[in-house]
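Here's a quick briefing to read with the structure open beside you. Two topics come up: nonpolar cores and a loop.

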Amino acid sequence: MEPACELNTAPSGRLAFRKFLPLFDRVLVERLTAETVTKGGIMLPEKSQGKVLHATVKAVGPGSVSQKGDLQAVSVKVGEKVLLPEYGGTKVVLDDKDYFLFRDADILGKYVE
């Protein structure tokens, strides 16, 4: 039996999970882990860590279709770091790991280096 989230290259050149590829303008992200230690070395309890709003894009759909029939591509690419809204998204569990699905329009921004 193959792993549920083995990575491969989709025909469009985007990296996608073998058994899961988002549809339309959906984006699959993995939230970054919360900081457990402050810069001063103080351990933070789980309750005071807060919600992590930063994530890495793991897979993207092909895009949405406009009323004229044109394909509007998704604005983020696999591997980019993005800022998520505090609420929203659909939790997806693949290979015992938590991921979240967001619409492209719901993503607040992306980090550039």
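Which residues make up the largest nonpolar core? Keep in mind that this is a predicted model. The core in question has 12 residues, and the bullets below go through them before turning to the loop between S8 and S9.

**The nonpolar cores**

- Valines in the largest core are Val27, Val29, Val57, Val60, Val74, Val76 and Val82.
- Joining them in that core are Ala55, Leu84, Phe100, Phe102 and Ile107.
- Three strands each put in at least two residues of this core: S3 (26–31), S4 (54–60) and S9 (97–103).
- The top contributor is S4, which gives three residues to this core.
- Another core, this one of six residues, lies apart from the largest one, and its members include Leu28, Leu94, Tyr99 and Leu101.

**The loop between S8 and S9**

- Asp95 sits in the loop that runs between strand S8 (90–94) and S9.
- Its phi is near 55°, which is a positive value in a residue other than glycine.
- Is Asp95 buried or partly exposed? Asp95 has 44% relative accessibility, so it counts as partly exposed.
- Asp96 is also found in the loop between S8 and S9.
- For Asp96, phi is near 60°, again positive in a residue that isn't glycine.
- Asp96 counts as exposed because its relative accessibility is 78%, and the cut-off for exposed is over 50%.

Terms used. Residues are numbered from 1 along each chain as its sequence is written. This is a predicted model: local features need pLDDT of at least 70, side-chain atom pairs count only at pLDDT 80 or more; totals for chains, interfaces and linings use all residues. Side-chain values use heavy atoms; hydrogens and water are left out. A nonpolar core is a set of buried Ala, Val, Leu, Ile, Met, Phe, Trp, Tyr and Cys residues joined through side-chain atoms within 4.5 Å. Buried means under 20% relative accessible area, exposed over 50%, partly exposed in between (1.4 Å probe, protein chains only). Helices (H or I, at least four residues) and strands (E, at least two) are DSSP runs, numbered from the N terminus.
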